[in-house]
Each structure stands twice: as structure tokens, then as C-alpha cells.
Amino acid sequence: KDAPRMRRELHERMGEQLKHTVDSNIATSGLNDSRGKIRNWQEKFVGSGGGYVAVRAVATSTGSNSPGAITNYLECGHRTVLGSGRRPNRIRANDTRKAWVDGFWFYRKSQADAKGIAEREVEKFVQQIKDRIEGGGE
């Protein structure tokens with residue numbers, strides 16, 4: 001009877017650790033987030049059935065200036081507009097500016113840690129279930 005609650009608690013714990021990992025990677029990525037605006041836009045989300053967890057940008061608005069869109073630009077990079085006039089994206093041979101801004105990849109870096117977090121938490125979860133079956137737990 002307690003399995004759904006226990007599964008949700010498992011994902012809540014994993015979500016807290018993943019959120020901390022993403023925040024750490026934002027802080028160390030070279031992105032100037034001294035006021036924590038980008039980190040505050042990221043939130044832990046546990047599925048309605050408690051079966052999964054994700055860290056993603058808050059869904060406060062939509063469009064090209066929403067937290068989700070800006071997070072995506074920062075994560076993956078984005079195109080820039082160079083020059084002016086009829087062909088603003090044309091790059092001349094002697095132009096030292098870049099046509100693409102590199103991403104900071106704070107989510108991608110967090111994926112490597114996600115597997116370890118999940119393995120540790122699932123081991124604790126299995127031990128908790130084992131203790132319950134054997135009569136030594138809650």
C-alpha cells in the first residue's frame with residue numbers, strides 16, 4: 001500500500017540532488033549568474049504519479065524571452081546577428097566576430113552525475129523495501 005508514497009519520496013530525494021547538481025554546474029560554467037537569476041529559474045518537477053523527476057526551467061511564460069527559452073539559449077548556444085544592412089548574417093573573411101555563441105552545457109554536465117545519484121538512491125530504496133518485507137522497517 002505504501003509503494004506509491006515511497007516511490008514519490010524516492011523521486012523527491014533524487015530531484016533535490018539533481019537540482020543541486022544543475023545549480024552547481026550553472027555556477028561553475030562561466031555563466032555570469034552572480035544574482036542567481038538563472039539558477040532560480042530551474043525547478044525540480046516530480047511527475048503526477050511520482051514515477052519520474054526532472055529539473056527544468058519554470059513555466060511562468062511562453063515565447064522567445066521566457067525562462068525556458070533563455071535557459072535553452074544558454075544551454076545550447078545561439079546564433080548572433082553580425083553586421084547590418086541587407087545581409088546582416090554574412091561573415092566577411094576579416095571579421096573576427098562569431099556567428100554562433102557557444103552553449104554553457106550545464107544540463108549536459110549534470111547528466112553524468114544523474115546516473116550516480118539514481119543508482120545510490122535506488123540502492124537505498126531497495127534496502128528500505130527489503131527491511132519492510134523482513135519486518136525491520138516502518
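1. Glu121 is buried, with a relative accessible area of 2%. The cut-off for buried is under 20%, so Glu121 falls in that class at its 2%. This value, like the others in this note, comes from a predicted model. Glu121 has its place in helix 4, which spans residues 106-134.

2. The surroundings of Glu121 can be listed. Leaving aside residues up to four places away in sequence, Glu121 touches Leu10, Arg13, Met14 and Gln17. Two of these neighbours deserve a closer look. With Gln17, the side chain of Glu121 makes a polar contact of 2.7 Å. With Arg13, Glu121 forms a salt bridge in which the closest N and O atoms are 2.8 Å apart. That salt bridge links distant parts of the chain, since Arg13 is in helix 1 and Glu121 in helix 4, 108 residues apart. Is Arg13 buried or partly exposed? Arg13 counts as partly exposed, because its relative accessibility is 30%, whereas Glu121 is buried.

3. Salt bridges also occur elsewhere. Side chains of opposite charge can pair when their charged atoms come close. The search of the whole structure finds nine salt bridges. Another one joins the side chains of Glu12 and Lys44, at 2.5 Å from N to O. Glu12 belongs to helix 1 and Lys44 to strand 1 (residues 42-46), so this pair ties together parts that are 32 residues apart in sequence. Both partners are partly exposed: Glu12 at 28% relative accessibility, and Lys44 with a relative accessible area of 24%.

4. Asp2 and Arg5 meet through their side chains in a salt bridge of 3.8 Å, N to O. Asp2 has a relative accessible area of 29% and is therefore partly exposed. Arg5, at 35% relative accessibility, is also counted as partly exposed. This pair is part of a wider arrangement: salt bridges that share partners join Asp2, Arg5, Glu9 and Arg132 into one network.

5. The chain as a whole has 138 residues, and 30% of them count as buried. Its secondary structure comes to four helices and four strands. In what order do the elements run from the N terminus on? The order is α-α-β-β-α-β-β-α. Among contacts with a separation of 6 or more, 57% are between residues 24 or more positions apart. The chain exposes about 9400 Å², and carbon and sulfur atoms supply 51% of that area.

6. Next comes the nonpolar core. In soluble globular proteins, nonpolar side chains tend to be buried together. Here the largest nonpolar core has 17 residues, and Ile26, Leu31, Ile38 and Phe106 are those with the most contacts inside it. At least two residues of this core come from each of helix 1, helix 2 (37-41), strand 2 (53-57) and helix 4. Which element gives the largest share of this core? Helix 1 does, with six residues.

7. Leu31 shows how parts of the chain meet in this region. Not counting residues up to four places away in sequence, Leu31 touches Ile26, Ile38, Leu74, Phe104 and Phe106. Ile26, Ile38 and Phe106 are named with Leu31 among the residues with the most contacts inside the largest nonpolar core.

8. Phe106 also has a polar neighbour. Asn25 lies in helix 1 (residues 3-28), and beyond residues up to four places away in sequence, Asn25 touches Phe106, Lys109 and Ser110. Asn25 counts as buried because its relative accessibility is 13%, which is under the 20% limit.

9. Helix 3 covers residues 67-76, and its buried residues are Pro67, Ala69, Thr71, Leu74 and Glu75. Leu74 has already appeared as a residue touched by Leu31. What covers the buried residues of helix 3? The cover includes helix 2, strand 1, strand 2, strand 3 (77-79) and helix 4. Helix 3 is followed by Gly77, which has a positive phi, near 95°.

Notes: Residues numbered from 1 in each chain as written. Predicted model: local features only at pLDDT ≥ 70, side-chain atom pairs only at ≥ 80, totals over all residues. Heavy atoms only, no water. Buried < 20%, exposed > 50% of the residue type's maximum accessible area, 1.4 Å probe, protein only. Contact = heavy atoms within 4.5 Å. Core = buried A, V, L, I, M, F, W, Y, C linked by side-chain atoms within 4.5 Å. Areas by Shrake-Rupley, 256 points an atom, 1.4 Å probe, with all protein chains shown as cover. Salt bridge = Lys/Arg side-chain N within 4 Å of Asp/Glu carboxyl O. Polar contact = N/O pair within 3.5 Å; in protein donor to acceptor, adjacent residues only side chain to side chain.
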